[in-house]
Amino acid sequence: MTPFTYNDMTFSLEARDGKWDLVCTREGAAGAYAAAGLFPGAGEAEALERAQALVRTVFPVGIKCVGPDVSHPNTIGDLRIVGPDVTHPNFIYWNKDSVRCPRQL
């Protein structure tokens with residue numbers, strides 16, 4: 001069992017039959033399997049590195065901003081309706097492993 005924390009969630013990597021299970025553990029509650037049967041034949045260090053990369057992909061830290069699509073408004077009579085520009089979202093990543101606001105000293 002190799003625990004690691006990402007985005008304020010604790011994960012543990014558990015070996016089973018030459019493969020690895022990724023479990024999300026919560027304080028005071030039972031764990032939930034995030035993935036099972038991963039990385040067959042991988043050593044503990046390699047499996048941990050790959051599991052952390054998988055968790056960062058599955059649970060990204062950041063926000064997705066969708067601005068207005070001002071170049072393609074819908075018009076109904078004199079009314080101009082500007083919808084979201086879903087084809088060009090901006091995704092802002094944080095470099096830290098948490099979505100918490102920075103602590104004030």
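Student: Is Arg50 buried, partly exposed or exposed?
Tutor: In this predicted model, Arg50 counts as partly exposed, because its relative accessibility is 40%, and the buried class ends under 20% while the exposed class begins over 50%.

Student: Which residue forms a salt bridge with Arg50?
Tutor: The partner is Glu46, and the closest N and O atoms are 3.4 Å apart.

Student: Where do Arg50 and Glu46 sit with respect to each other?
Tutor: Both are in helix α1, and because they are four residues apart there, about one helical turn separates them. Glu46 is partly exposed, with a relative accessible area of 42%.

Student: How many salt bridges are there by this rule?
Tutor: The count is two. Besides the pair in the helix, Arg16 forms a salt bridge with Asp21, with 2.7 Å between the closest N and O atoms.

Student: And Asp21, is that residue buried or exposed?
Tutor: Asp21 counts as buried, at 3% relative accessibility. Its partner Arg16 is partly exposed, with a relative accessible area of 40%. The salt bridge between Arg16 and Asp21 therefore joins a partly exposed residue to a buried one.

Student: Which other residues touch Asp21? I am curious about Ser12.
Tutor: Ser12 does touch Asp21. Leaving aside residues up to four places away in sequence, Ser12 also touches Met1, Thr2, Pro3, Leu22, Val23 and Thr25.

Student: Where is Ser12 found?
Tutor: Ser12 is found in strand β2. Ser12 counts as buried, since its relative accessibility is 1%.

Student: Which side chain does the side chain of Ser12 join in a polar contact?
Tutor: The side chain of Glu14 does so, in a polar contact of 3.5 Å.

Student: Changing topic to the aromatics: how many aromatic pairs does a search of the whole structure find?
Tutor: Two aromatic pairs are found. One of them is Phe4 with Phe11, a stacked pair with 5.7 Å from centre to centre and 25 degrees between the planes.

Student: Are Phe4 and Phe11 buried or exposed?
Tutor: Both are buried. For Phe11, the relative accessible area is 0%.

Student: Why is the pair of Phe11 and Phe59 tilted?
Tutor: The planes of the two rings stand at 35 degrees, so the pair is tilted; the stacked class requires an angle under 30 degrees and the edge-to-face class one over 60. The ring centres of Phe11 and Phe59 are 5.6 Å apart.

Student: What parts of the chain does that pair link?
Tutor: The pair links distant parts: Phe11 is in strand β2, residues 9-16, and Phe59 is in the loop between α1 and β5, 48 residues apart. Phe59 is partly exposed, with a relative accessible area of 29%, whereas Phe11 is buried.

Student: What do Phe4, Phe11 and Phe59 form together?
Tutor: They form one aromatic cluster.

Student: Could we step back? In what order do the elements of the chain run?
Tutor: From the N terminus on, the order is β-β-β-β-α-β-β-β-β, which comes to one helix and eight strands.

Student: How many of the residues are buried, as a percentage?
Tutor: Buried residues account for 22% of the 105 residues in the protein chain. The chain exposes about 7900 Å², of which carbon and sulfur atoms supply 55%.

Student: Which residues make a nonpolar surface patch?
Tutor: Ile76, Leu79 and Ile81 make a patch of about 290 Å². Ile81 lies in strand β7, residues 79-81. Ile81 is partly exposed, with a relative accessible area of 36%, so this residue meets the requirement of over 30% for patch residues.

Student: One last residue: where does Ser71 lie?
Tutor: Ser71 lies in the loop between β5 and β6. Ser71 is exposed, with a relative accessible area of 55%.

Student: Which side chains are joined to Ser71 by polar contacts?
Tutor: The side chain of Asp69 is joined to that of Ser71 by a polar contact of 3.2 Å, and the side chain of His72 by one of 3.1 Å.

Student: How far is Ser71 from Gly83 in space?
Tutor: The C-alpha atoms of Ser71 and Gly83 are 9.9 Å apart, with a separation of twelve residues in sequence.

Methods:
Residues numbered from 1 in each chain as written. Predicted model: local features only at pLDDT ≥ 70, side-chain atom pairs only at ≥ 80, totals over all residues. Heavy atoms only, no water. Patch = residues over 30% accessible without salt bridge, like charges linked within 9 Å, V, L, I, M, F, W, Y side chains within 5 Å. Areas by Shrake-Rupley, 256 points an atom, 1.4 Å probe, with all protein chains shown as cover. Salt bridge = Lys/Arg side-chain N within 4 Å of Asp/Glu carboxyl O. Helix = DSSP H or I, 4+ residues; strand = E, 2+ residues; numbered from the N terminus. Buried < 20%, exposed > 50% of the residue type's maximum accessible area, 1.4 Å probe, protein only. Phe/Tyr/Trp six-rings, centres within 6.5 Å; stacked < 30°, edge-to-face > 60°. Polar contact = N/O pair within 3.5 Å; in protein donor to acceptor, adjacent residues only side chain to side chain. Contact = heavy atoms within 4.5 Å.
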